[in-house]
Amino acid sequence: MRYAMAIDTAKCVGCGDCVVACQTENNVPHGYCRDWIVENVSGSYPNVQIELRSERCNHCDNAPCVRCCPTGSSHIAEGGIVLVTPEECIGCGACIESCPYDARYVHPDFGYVDKCTFCKHRVDKGQNPACVDVCPTHCLHFGDLDDPNSDVSKALKNRDWKVLAPEAGTKPQLYFLI
Amino acid sequence: MKTRREFIKISTAGAGAAALGLHSLNVKGFDLFKNESIESVSDEDMTPYPTYCEVCFWKCAGWTYVDKKGKIRKIIGNKHDPHSNGRLCPRGTGGIGMYYDEDRLKYPLIRETKPDGSQYFRRATWDEALDKVAGKMKEIAEKYGPESFGLFNHGNPGAHFEHLMRAYGSESNAEPAFANCRGPRSVAYFSTFGAYIGSPENTDIRDTRCLVLIGSHIGENMHNSQVQEMSQAIDNGATIITVDPRLSTAASKSKYWLPIKPSTDIALLLAWIHVLIYEELYNKKFVEKYTFGFDQLKEHVKDMTPEWAYGITTIEPELIRRTAREMAGAAPHVVIHPGRHVVWYGDDTQRERAMAILTALLGAWGKRGSLYFSEGIHVPHYPQPEYPEPKWTWKDIHGDKYKLATMGITTEILKASVPKYGYKHQIKAWLVAGTNLPLSLPDKKLFKEAADAVEFIAVMDTMPMDITGYADVVLPEATYLERYDFLRAAPNRVPTIALRMPAAKPKYESKPGWWIAKQIGERLGLHDYFNYDDYSEVIDWQLKQLGTSLEEMKKIGVKEFPRESGPLYLGDDEDFEFNTSTGKIELYSLDLADNGFDPLPVYTPHPEPPEGFYRLIYGRAPMHTFSRTTNNPNLYDLMPENNVWVNPKIADLWGLKNGDEVWLKNQDGAVTNFPVKVRVTERIRWDSVYMVHGFGHNDKRLSRAYGKGASDELMITNIMIDPVMGGAGMRGNFITFLKEKPENKEEVES
């Protein structure tokens with residue numbers, strides 16, 4: 001089993017619904033976020049393009065945050081989900097430094113590192129992550145890459161895609177449909 | 001000059017001050033979950049209560065999830081709701097912030113004057129506040145007649161007060177939603193098709209093959225089901241054509257983006273019409289069977305070639321031809337989107353008419369993938385006596401002007417409030433419900449004149465919006481998550497109703513709008529119009545008439561009813577009588593001609609920016625609804641301030657870099673209250689700047705939004721009035737940059 005997400009940049013309007021839904025689902029404190037929107041503008045007027053995309057932890061196969069964690073708090077759970085065990089985290093921030101996607105922050109009230117969990121509490125029950133289920137444009141696709149009929153497998157089948165910072169060698173599991 | 005109505009910025013003076021201690025902004029904006037586990041609560045451990053959203057007018061239905069401790073945790077869309085399809089937009093998801101916002105109005109306030117003449121708000125009891133409002137209403141009715149008590153309203157809270165005012169005997173009401181928003185569209189489509197474009201719009205974007213957006217920025221305006229359908233249209237491979245001086249989000253997803261010179265849209269539309277007619281691409285069968293005035297139209301656009309339009313719009317003739325052919329190729333499955341906020345240049349009814357005519361030429365009306373026949377359900381009126389007949393209404397205030405207006409015009413009600421304008425019918429007092437007038441209306445000077453002239457202002461709101469600073473009595477309303485409200489019965493592909501019920505008790509001393517209206521009504525002896533103890537009785541009665549009940553609706557939230565008006569689309573060759581004077585689609589409008597207006601749309605050049613000035617274009621961001629959400633902790637988090645978009649060429653000229661702060665000054669010398677950050681971007685034309693509307697709040701009681709970004713309304717002092725229906729065109733304003741804080745700048749009240 002390998003959980004992954006595909007983000008359709010042709011449809012994302014950058015509304016930020018995924019960010020608020022994550023905030024309310026996971027009690028993310030205000031001023032912080034586990035997912036966010038990136039807008040890339042290229043070209044010059046009137047030959048301009050925009051790419052909008054919803055980003056979060058890439059749940060990498062070769063996760064530098066896991067490798068560099070001195071306590072073993074950062075770990076890879078079933079299905080490849082990268083998680084932090086709060087009780088084992090000392091808040092040293094090594095993982096934050098090592099992450100090429102800037103996907104982690106120190107929780108202001110509790111002092112440990114917090115990040116996207118792919119909404120494991122929902123996924124374990126067969127639901128989608130909150131961001132996927134709220135997206136008004138249906139631009140987020142989630143599921144098991146080992147299952148050819150999963151939403152994410154189907155989304156990747158007929159479209160070109162890219163990953164972010166492939167040069168970092170992290171084997172990221174967020175796929176951006178282009 | 002000191003005015004009688006001193007704008008009160010502080011919350012209360014002396015004991016019982018309203019402001020709670022505020023923590024630092026942006027970090028831990030509020031403490032909802034502090035010192036608690038951050039573990040997520042599973043849905044099964046929560047109770048969902050049905051609601052429909054009040055963060056914007058789309059009114060998406062959803063579920064408010066409440067945990068075992070009674071805390072509201074999240075709001076999720078209702079899967080059976082055609083407005084949301086189970087997915088709320090960021091504002092709906094963040095609607096929770098409206099409930100938790102610690103800046104909310106907490107208890108009634110009454111304006112008092114100190115011996116030294118200065119004014120302040122005193123915390124009052126509900127009885128005091130309600131007695132005061134009712135007392136004033138009695139006094140005004142005795143002195144001038146109830147008609148002199150005006151109402152500015154919007155949305156559901158406004159509707160409870162509309163009921164109160166009609167029972168009291170006044171129909172002197174206006175909503176910014178008409179003359180400051182979609183009025184020209186209503187009038188144009190009615191005069192062409194004899195039918196209105198409803199809300200939600202009856203656009204069949206889901207099944208369209210070609211979506212044409214003229215300044216309409218779906219995806220930035222987060223009209224939920226429309227955004228969802230645009231996404232479906234992209235999946236289906238539909239062509240999107242966007243006309244916008246700015247590369248909007250929608251433009252970035254379009255096959256064709258026409259980066260038009262602002263204010264020239266009518267020329268483009270006429271050229272499209274020219275191409276369709278003279279290349280014989282229009283739907284001949286449809287035009288022959290259903291329309292009136294084709295020959296006049298053909299003659300009218302004879303010389304309006306793409307080459308003619310090129311000189312005006314800066315859009316290449318070949319691109320005009322190619323896009324017209326693309327539309328014709330997709331016809332009749334084409335949506336020429338009628339837009340929503342369409343008061344731009346004062347000839348807006350005519351531009352909307354051109355869009356309606358284009359629609360008709362393509363046969364893109366009543367067909368799959370064009371405009372469908374929407375249907376809503378009629379919710380029976382709860383038993384009450386007939387409303388009294390007022391001696392005069394908003395219509396009489398307009399007098400002979402704006403004959404085609406279908407609702408009251410805000411500017412007219414304001415003018416009627418100032419004796420020096422000599423209106424026959426004078427407004428002496430206002431009720432304001434659910435609309436933040438100073439940030440919704442252009443022409444601050446007129447607004448302040450009017451606010452100063454009237455004898456009394458009562459404001460109902462959930463937040464200390466700028467308008468409350470002008471009030472004599474402030475009535476704190478409970479948020480939509482804490483109250484019963486009208487059943488939602490908006491038209492759609494299938495008729496539905498949606499229930500809004502409280503998921504928690506009203507916080508502080510706030511009260512539901514229906515309760516406030518009823519309490520005032522009771523004090524005025526209007527009990528028979530408010531013959532219930534709780535609004536749930538009204539809803540239950542109505543639901544029973546519709547064959548359901550409050551009990552059932554609490555479980556399902558949304559209920560669908562079968563269509564009764566016939567199919568969604570017009571059949572092939574089906575006979576159809578349009579509700580116009582000719583019974584046909586009026587390409588040539590007899591209604592407009594009879595009232596002395598151009599029966600066919602004409603392009604009129606509009607003033608261009610003087611040197612060193614740029615046209616101000618404003619619009620929406622997906623996470624905010626005008627000025628009402630900018631203090632919402634969840635939505636503030638997504639977008640705390642607006643910025644001014646400047647083309648890199650212009651930024652170079654001024655030596656401006658991304659993030660630089662500037663003050664804006666317009667052609668009449670108006671200056672923004674606060675600096676605004678520059679966003680240097682290729683997404684905007686060099687002759688224009690762009691701002692998201694709703695920022696630059698000048699009221700410290702909005703602890704997050706205060707002073708964040710700049711207000712576009714302050715820059716809108718030139719209003720171009722639409723002679724047809726009184727719309728206030730706001731895009732004829734030009735701004736320049738001030739790199740230093742202007743000296744001697746007095747803080748202008750927003």
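## Helix packing in chain B: worked exercises

Helix α11(B) is followed by T314(B), a residue with a positive phi, near 70°. Keep in mind that this is a predicted model.

**Exercise 1.** Find which residues of α11(B) are buried, and work out how they are placed around the axis.

*Solution.* Start with the helix itself, residues 306-313 of chain B: its buried residues are P306(B), A309(B), I312(B) and T313(B). Next, look down the axis: these residues cover an arc of only 115°, so they lie on the same side of α11(B). Finally, see what covers them: α8 (265-278) and α12 (317-330) of chain B are included.

**Exercise 2.** Classify the packing of α3(B) and α4(B), and name the residues that meet.

*Solution.* First, take the axes of α3 (residues 126-144) and α4 (residues 155-168) of chain B: they come within 12 Å and cross at roughly 40°. The two helices are therefore oblique to each other. The crossing is right-handed. Now turn to the side chains: from α3(B), M137(B), I140(B) and A141(B) meet L164(B), M165(B) and Y168(B) of α4(B). Sorted by class, that contact has 6 nonpolar, no polar and no charged residues.

**Exercise 3.** Repeat the analysis for α4(B) and α18(B).

*Solution.* Here the axes are 8 Å apart and the angle is about 15°, with α18 spanning residues 513-523 of chain B. Angles under 35 degrees count as roughly parallel, and α4(B) and α18(B) are therefore roughly parallel to each other. Their crossing is right-handed. On the α4(B) side, the contact is made by H160(B), F161(B) and L164(B); the α18(B) side contributes G513(B), W514(B), I516(B), A517(B), I520(B) and G521(B). By class, this gives 6 nonpolar, 3 polar and no charged residues.

Technical notes:
Residues numbered from 1 in each chain as written. Chains lettered and ligands numbered in written order. Predicted model: local features only at pLDDT ≥ 70, side-chain atom pairs only at ≥ 80, totals over all residues. Heavy atoms only, no water. Axes fitted to C-alpha atoms, helices over the stretch in contact; angles between N-to-C directions. Helix = DSSP H or I, 4+ residues; strand = E, 2+ residues; numbered from the N terminus. Parallel < 35°, antiparallel > 145°, perpendicular 65-115°, else oblique. Left-handed = near helix turned anticlockwise from the far one by under 90°. Contact = heavy atoms within 4.5 Å. Nonpolar A, V, L, I, M, F, W, Y, C, P; charged D, E, K, R; others polar. Buried < 20%, exposed > 50% of the residue type's maximum accessible area, 1.4 Å probe, protein only. Arc of directions from axis to C-beta.
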